[in-house]
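Biologist: Could you take me through one part of this model at close range, the enclosed space inside the protein, and then set it beside a few individual residues and the chain as a whole?

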Amino acid sequence: MRCSGILQTMNDASGNHDASARPRLFRARGLLLLALALLLCVGGTLALYGRELATGFVRAALTHFGAPPDELELRAVGLDQLVIGAIRLPGGLSASAVEIGWSPRSLLHGRLTNIRILGLAAGLTFDRGQITVDGLPRDGRASGIPRLPFDSLELSDARLAITSGAASIDIQGDATIKATDLGIQGQAAFDATATLNDGSQAHIEVRAPQWSLGPDAGGMRIVFSGAAATLPEHRLSATDIDVAVGMTESAAASIRLSAKVSDSAMPVRFASFALIAQGERDRNALVASGRITAGRGFVLAFDGRHDLASGDASVDLETEPVRFQPDGLQPDDLLPVIGRTPHRVEGAISARGTLSWRGSLEGDVAVRLDGVGFETGIARIGDLDATLRLDSIMPPRTPGAQHITGTLQVAGLPTAPLDLRLGLPGDNRLVVSSATLGLAGGTIGLGDLAVALGQPVETALELRSIDLGAMLALSGIDGLSGSGVIEGRIPVRMDDAGFVIASGRLASTGPGIVRYTGAGLPEGVTAGHDDAGDAVRLLRQALADFHYADLSLTLDRSASGEGSLLVSLRGANPAVLDNHPFDINIRLEANFDQLAAVLLNGYAAADGLLRRVTPQ
């Protein structure tokens, strides 16, 4: 189309008439023809050369903005929209497609109405309160917010690489951004991987339905409201997250955070808790304080410090005493992973100390037990008092043996004092330096016992000055009782298959009495008496009240529970045959259920403790 020919024709037409005498109708018609000609020229030019002109315009605009493109593909041009295909700017900034919209009003203000970017790849740097997009010029304002020449921006499948002095973060996700007079705001859903200076990594999934970034007190502030985050490797999630982070060019910073944290592991390791924290920048460190609340009565207060340059961190913590009641709050309400064994826990537990991170988690924490008691099987442990110290958390480790005192009550026996010295050396073992139970004027003890995760335990019970009646009560044999004092050693083996006694032997330290009033004497009864025909009758009479001078007990028990007690006696019954002496050996069936229950429950508790505190 030739615009010059049309214009010349119009000039000739106007030259043949006197302009002063021409009617207004002809004047208006001429102006209309002129406008039509201009539109035809512009339209024809756009039709023929629009894409080239638009490409040149976009390239010139980006160059004027300080980001001349290395690659630019224009797909479509409209009166209010531009569609760009692949684009690549300096600094690695690129996208697979860009849709740009505008209006006459927005163009007058040098802005675009909306931008939609697909497959954005960009690098961002955060330094001293300033955010810089690699390949784009910095705004230069104190807030550090980059210039945004648009009203709204939609990012789809964006990939961002953020670097700072403490870590680098790779982000992939979707977001919407709207520019306001005070900054920017929008929504986001992304997955991120943070790599710290020491090489450790953390993966997080974030959903932020509302966030904003704007100037604040000479710096800028980013705010998230109602967000949710998940740490998939650790099976942790946080909801109802409200966080506000303030940053200034002087490198000062502040943070306020509240969230609800939950555990999604199976079994659940801990009850959901609420976190409230606040912190600020102190030179090259971030200091924070806050509190954690969970369940019915758990409150933990903390004060921490994190060195941004080295990555080292420490936190001082203290819990209020958590008071358990048999029919009220129980440990598994706070730590479901431990289950209901032990159960019917009572007493108070509190903790105080310091945790630190210098490549690994360590600490110096004191756990206080005050009148703690619980039931396990047929036994009840009570009145536990101790201050247990840990100098490492992962793995748990104690500085030597820890001293615990309490009481133990076994069904049918009086309450006995309990004294334990045990420790965690940090190698997945529980070491018992000594354990003594005061029983009937004597003690039952064991020492130098190490419980390794999933491994059998072989040890021996050392009995000193034990009342015979208490020991016979542990045998569980109906009709068998006695008095006197015995001592000896009982070798035992415990594992998941059961409890084994191999030739345990106890002997009396002096004379005493044995009484057996069972329904009948079992096989294997022998006696040193000349009248064999009357032996069983006389022995039954003698054992009704047998005064022994010497006594020994031999104990055996298989893992299946079958066992026996061999009773060897030398003495007499004053009412039988004028105190005639007898040498008696009686083998009785006995599974030692009470003794087995106490020891197996102790082994199971130790093994369970190791499983819960051993990193998986």
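Modeller: A cavity, in the sense used here, is a set of grid points where a 1.4 Å probe fits but cannot get out. Taken in that sense, this predicted model holds two cavities of 30 Å³ or more. The part to look at closely is the second largest cavity, which has about 30 Å³ of space. Its lining is made up of Leu-480, Val-514, Tyr-516, Leu-543, Val-567, Ile-586 and Leu-588, and two elements each give two or more residues to that lining, namely strand E31 (512-516) and strand E35 (582-589). Sorted by character, the lining residues come to seven nonpolar, with no polar and no charged residues.

Two residues can be set beside this cavity, beginning with Gln-330, which sits in the loop between strand E19 (322-324) and helix H4 (331-334). With a relative accessible area of 1%, Gln-330 counts as buried, because the term covers anything under 20%. The side chain of Gln-330 reaches the backbone oxygen of Gln-325 at 2.6 Å. If residues up to four places away in sequence are not counted, Gln-330 touches Phe-324, Gln-325, Arg-340, His-343, Arg-344 and Val-345.

The other residue is Thr-195, which belongs to strand E10 (residues 183-196). Thr-195 has a relative accessible area of 22% and is therefore partly exposed, since that term applies between the 20% limit for buried and the 50% limit for exposed. Its side chain makes a polar contact of 3.1 Å with the side chain of Gln-201, and Gln-201 is also one of the residues that Thr-195 contacts once neighbours within four places in sequence are left aside, the others being Ala-167, Ser-168 and Ser-200. Asp-170 is 25 residues from Thr-195 along the chain, and the C-alpha atoms of the two are separated by 8.5 Å.

For the chain as a whole, the secondary structure comes to seven helices and 35 strands. Of the 616 residues in the chain, 37% are buried, and the accessible surface comes to about 32700 Å², with 56% of that area belonging to carbon and sulfur atoms. Where contacts link residues at least 6 apart in sequence, 45% of them join residues at least 24 apart.

Methods: Residues are numbered from 1 along each chain as its sequence is written. This is a predicted model: local features need pLDDT of at least 70, side-chain atom pairs count only at pLDDT 80 or more; totals for chains, interfaces and linings use all residues. Side-chain values use heavy atoms; hydrogens and water are left out. Helices (H or I, at least four residues) and strands (E, at least two) are DSSP runs, numbered from the N terminus. Buried means under 20% relative accessible area, exposed over 50%, partly exposed in between (1.4 Å probe, protein chains only). Contact means heavy atoms within 4.5 Å. A polar contact is a pair of N or O atoms within 3.5 Å; within protein, one must be able to donate a hydrogen and the other to accept it, and residues adjacent in sequence count only if both atoms are side-chain atoms. On a 1 Å grid over the protein atoms alone, a cavity is a set of points where a 1.4 Å probe fits but cannot get out, and a pocket is an open set with protein on both sides within 12 Å along at least five of seven lines; lining residues have an atom within 4 Å of a point. Grid points are joined across faces, edges and corners, and a volume is the space filled by probe spheres set on the points. Ala, Val, Leu, Ile, Met, Phe, Trp, Tyr, Cys and Pro count as nonpolar, Asp, Glu, Lys and Arg as charged, and the others, Gly among them, as polar. Accessible areas come from the Shrake-Rupley method with a 1.4 Å probe; for residues, only the protein chains shown count as cover.
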